[in-house]
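Dear colleague,

I am handing over the structure we spoke about, and my notes on its interior follow below. Please read them with the model open beside you.

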Amino acid sequence: MMRRALLKLLITAAGFYVAVLAALWWGQEKLLFAPDRLPADHVFHFGNDVHEVSVARPDGARLDALHLRLPAPRGIVFYLHGNAGDLQSWFGNVDVYRRAGYDLFMLDYRGYGKSTGRIASEAQLREDVRAAWQQIAPLYAGKVRVIAGRSLGTGLAAGLAAEVHPELTVLISPYRSMRRLAAELYPWVPGALLRYPLDTEALAPRITGPVLLLHGDRDSLIPPAHSAALQALLPHARFIPIDGAGHNDLQHFPAYTHAVREALDAAAQR
């Protein structure tokens with residue numbers, strides 16, 4: 001009787017575990033991406049030098065983007081934001097780039113802000129990012145090109161940087177790979193279950209030129225050890241821990257702003 005009860009309990013537990021894994025497989029977009037939506041008639045108020053543009057995709061989706069355009073920029077910062085929010089919340093740090101003399105381009109992923117469509121795969125995400133870059137890059141021939149990403153966006157930024165070889169790559173709160181991070185946070189989930197591996201460390205050796213790694217030393221979501229591991233793979237990388245910063249508040253620390261400005265100035269002087 002005890003053996004039968006135990007066997008029944010194990011079968012029930014196994015069935016529950018399989019059901020949970022199936023739910024994770026089919027619903028992981030809801031776990032990875034936390035977009036805020038904006039109405040189609042939403043108007044951004046970041047200054048007259050910030051222009052709203054769109055990136056059309058072959059399947060009919062349109063990606064909404066904001067483009068800071070200065071009269072005589074030193075170059076462009078192509079910025080890929082994190083997994084939550086939208087352009088309304090992410091573009092608020094624009095004065096850092098104005099003072100540095102750089103244009104800034106930032107897009108909302110599918111389903112974020114005013115962007116249409118939905119995220120369906122990592123390959124699709126990377127294609128969207130590539131299309132946005134190809135639309136904006138010709139405007140900056142001969143100028144400094146900076147690829148930047150934060151949190152979720154660092155894996156996408158690393159992939160693009162490995163392809164286009166910018167003058168500077170900036171990775172803010174990066175992860176070695178989403179699989180490694182998931183293994184740390186959810187060790188009971190098989191790595192093969194993740195459909196968005198976003199393997200930054202596999203791409204890192206293909207990134208040429210200077211790389212700046214910024215990470216809050218109190219980041220409990222993506223530990224700063226991920227940046228340290230990436231630095232070991234990037235011969236031209238500089239890793240700056242931001243004392244006292246967590247995952248979401250780096251932009252409020254003067255050390256962060258100083259490091260970004262210093263890197264942008266150095267890129268323009270090379």
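Leaving aside its neighbours within four places in sequence, Phe78 is in contact with Phe105, Leu107, Val129, Ala132, Trp133, Ile136, Val146, Ile147, Ala148 and Leu160. Please bear in mind, here and throughout, that this is a predicted model.

Phe78 and Phe105 are also the residues that touch the most other members of the largest nonpolar core, which has 47 residues. Two or more residues of this core come from each of strand 3 (62-68), strand 4 (75-80), strand 6 (102-107), helix 4 (122-136), helix 5 (152-164), helix 6 (178-185), strand 9 (211-216) and strand 10 (237-242), and helix 5, with 8 residues, gives the most. There is also a second, separate core of 36 residues, which includes Phe44, Leu68, Phe91 and Ala267.

As for empty space, the structure holds 1 cavity of 30 Å³ or more, and the largest cavity contains about 50 Å³. Its lining is made up of Val77, Tyr97, Val146, Ala148, Val170, Ile172, Tyr256, Val260 and Leu264; by class, that lining has 9 nonpolar residues, with no polar and no charged ones. Val146 and Ala148 thus appear both in this lining and among the contacts of Phe78.

At least two lining residues are supplied by each of strand 7 (144-150), strand 8 (168-172) and helix 9 (254-269), and the largest share, 3 residues, comes from helix 9.

With best wishes

Methods
Residues are numbered from 1 along each chain as its sequence is written. This is a predicted model: local features need pLDDT of at least 70, side-chain atom pairs count only at pLDDT 80 or more; totals for chains, interfaces and linings use all residues. Side-chain values use heavy atoms; hydrogens and water are left out. On a 1 Å grid over the protein atoms alone, a cavity is a set of points where a 1.4 Å probe fits but cannot get out, and a pocket is an open set with protein on both sides within 12 Å along at least five of seven lines; lining residues have an atom within 4 Å of a point. Grid points are joined across faces, edges and corners, and a volume is the space filled by probe spheres set on the points. Helices (H or I, at least four residues) and strands (E, at least two) are DSSP runs, numbered from the N terminus. Ala, Val, Leu, Ile, Met, Phe, Trp, Tyr, Cys and Pro count as nonpolar, Asp, Glu, Lys and Arg as charged, and the others, Gly among them, as polar. A nonpolar core is a set of buried Ala, Val, Leu, Ile, Met, Phe, Trp, Tyr and Cys residues joined through side-chain atoms within 4.5 Å. Buried means under 20% relative accessible area, exposed over 50%, partly exposed in between (1.4 Å probe, protein chains only). Contact means heavy atoms within 4.5 Å.
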